Amino acid sequence: MTALIRAELQKLFTTRLWWVLLLVMLLLIALFLGFAIALAGVTQNGAAGLPARDTPQWAQLAWGSGSSGTILVTILGVVMMTAEYRYQTITGTFLTTPRRFPVVAAKLLAGVIAGLLFGVAVLLLEAVTVIPAVILSGGTFSPSASHLPQTTAGLLAAFALYALFGIGLGALVRNQVAAIVGAVVWTYVIEQIFTAIPVLQPVGRWLPAGAAQALMRMDLDAGLGRPDLLPAWGGALVLAGYALLFAAVASATTVRRDIT
Amino acid sequence: MAAVAVLLITRPWGAAARAGADGSSLKRRNPSVPGTIIGPMAAIEIHDLVKSFGPVRAVDGVSFTVEAGSVTGYLGPNGAGKTTTLRCLLGLVAPDSGRALVGGRPYASLTAPLTEVGAVLEATSFHPGRTARNHLRILCTAAGLPQSRADEALAQVGLADAAGKRVLGFSLGMRQRLALAAALLGRPRVYILDEPANGLDPAGIEWLRGFLRHLAHEQGAAVLVSSHVLSEVEQTVDNVVIIARGRLVRQGTLTELTSNGRSVVRVGAVNAAELGPALETAGGAVERVEDGLLRVRGLTAEEVGRIALDRRVALRELVEERTDLQKVFLDLTEER
């Protein structure tokens, strides 16, 4: 099994895709962090926008902005699966390992590892921007006051989960472009609507994004009122449920299908 | 062949190779296909294989075997069911019924398939952004083979210089060689190749022929190679299996196929009028083509020569007309 996981990671790290996606993700999060730093404490039309940089709430908000990188991990997962069909390398994969379930399991575990590595990269970027930003503005950086241990755990869990989501989606759709478009629409349209609009939040909190927010305790008011989230343990359970669901989809669609 | 038998002695189908080599009583008739001789355990066995895709019966009751130490050509026009048969054999496609076995077992139950079977399917099954070496190293990792096998296999197919290049820039011929290198990684004893000559230039085809003959005749491997172009394999194969529209239409040795059981001897004689009746007396069916030229069925060239000698008839010409393989192939596979 370890040989298969190593082979899957070798597949991932022998093409350019991983570092292109990593770079795009870090740039995206740097952009969000830049806005968080620039707009902290600024009042708009008399109403308070983001909390000030020296407050624990700001550090928590800035730390949680890393969750916007999950879309790129989703795409990574989608490509890990669909590239096998697009370039028909799935043939060589199954000729080498005809028992397909271990192949799917190895791919899912490799996806989790890759997702966690991306998550660690995000956390490093956040550490080198958020900590100086707090200290330079005269605040005290306190991980516990900003709930950072929990936010960090939630971020890592979300990155691992969205990699699984991508692999499951890729196994289901198989057409690379369609799967990536699907992932983007899901993340930027459907989940955004359901987690941001208060009326839809009773549904949104059960979606992966809502569950990840619950786990990260991102129950801050970003202008539309405090989101109605599950408790943190509930978010963790929902995320674990989705992980199992995507893994089941990936194996069910792959194990029996004819490779022609 | 003795050396081959010794080499194969530790292999499960070694017995089949030895039986095939000395023609011993181990051979038995396959009851389902008249005229086929199979060993106690052939390297590749296909029994009554059926596979439909929707309403289309891609493979419709195909049976044949491939012995170690021989090259078998699996021939048929495009869409005849060759690729589907091979994919069933390799566990990629689940057959509706029938069995396809490698070394007596289904491919999916092999514990280390790359060390038992080398397969070449489409030439396009590479990630274009990955180097040739990395492509092979991934397979080595998954199969538990040392990473060094990647460079060794690339050298074997003449791609050592391109090892670090992305597959994106590879010609079709180079991709075929890379696919063959993947098949060689585990040093298997059975090779299954689907249209391996596609995209190769004449020099590449010549190289492939030599390589396949080397694998089978010197290393004792069983080689099954499909093609829709007969001339590609004509000089390579020992046995031929012909399929058309999913059904097996003929199998046998190349010689059996070309002689077709009805060999024709063309005789040019100065005194054909005297020779003709003599040949008929000896049991030949004689056809007078033109003045002084006869076509004889039912007698070998040697027999015709002896009769001519007995009658003291001077011959200008004595040729055993082999049926053109291409014509046989077309006759067998065209719509009927």
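# A guided tour of chains A and B

Begin by selecting residues 264-269 and 293-297 of chain B: these are strands β12(B) and β14(B), which pair in the antiparallel sense over five bridges. The model on the screen is a predicted one.

**The strands around β14(B)**

Within this pair of strands, select Val265(B); its bridge partner in β14(B) is Val296(B). Next, add residues 285-290 of chain B, which make up strand β13(B). This strand is also antiparallel to β14(B), and five bridges join the two. Select Arg288(B) to find the residue that stands opposite Leu294(B) of β14(B).

Now follow the chain from β13(B) to β14(B). How many residues lie between them in the hairpin? There are two residues between the strands, and Gly292(B), in the turn, has a positive phi of about 80°. While the strands are displayed, it is useful to recall that side chains alternate between the two faces of the sheet in a regular strand.

**Where chain B touches chain A**

Display both chains and turn to the interface. Here 32 residues of chain B are in contact with 26 residues of chain A. The size of an interface is often expressed as the accessible area lost when the parts come together. For chains A and B, about 2400 Å² is buried between them, with 59% of it on carbon and sulfur atoms. Select Leu92(B), Ile138(B) and Thr141(B): in chain B these residues lose the most area to chain A, and together they account for 23% of what that side buries.

Which residues form a salt bridge here? Select Asp258(A) and Lys51(B), whose closest N and O atoms are 2.7 Å apart. The count of salt bridges between the two chains is one. Twelve residue pairs are in polar contact across the interface.

Two elements of chain B should be coloured next: β3 (44-53) and α4 (132-143), each of which supplies at least two residues of the side that touches chain A. The element that gives the most to that side is α4(B), with seven residues. By class, this side of chain B has 18 nonpolar, eight polar and six charged residues.

**Annotated regions of chain A**

Finally, select chain A alone. An unreviewed UniProt entry places the feature "transmembrane region" at several spans of this chain, including residues 62-83 and 155-173. Residues 62-83 are 77% helix and 0% strand, and their end C-alpha atoms are 34 Å apart. Residues 155-173 are 100% helix and 0% strand, with end C-alpha atoms 26 Å apart.

Methods: Residues numbered from 1 in each chain as written. Chains lettered and ligands numbered in written order. Predicted model: local features only at pLDDT ≥ 70, side-chain atom pairs only at ≥ 80, totals over all residues. Heavy atoms only, no water. UniProt positions renumbered as here; feature names shortened; annotations may be inferred. Helix = DSSP H or I, 4+ residues; strand = E, 2+ residues; numbered from the N terminus. Contact = heavy atoms within 4.5 Å. Buried area = accessible area lost by both parts, 1.4 Å probe. Salt bridge = Lys/Arg side-chain N within 4 Å of Asp/Glu carboxyl O. Polar contact = N/O pair within 3.5 Å; in protein donor to acceptor, adjacent residues only side chain to side chain. Nonpolar A, V, L, I, M, F, W, Y, C, P; charged D, E, K, R; others polar. Pairing = 2+ DSSP bridges.
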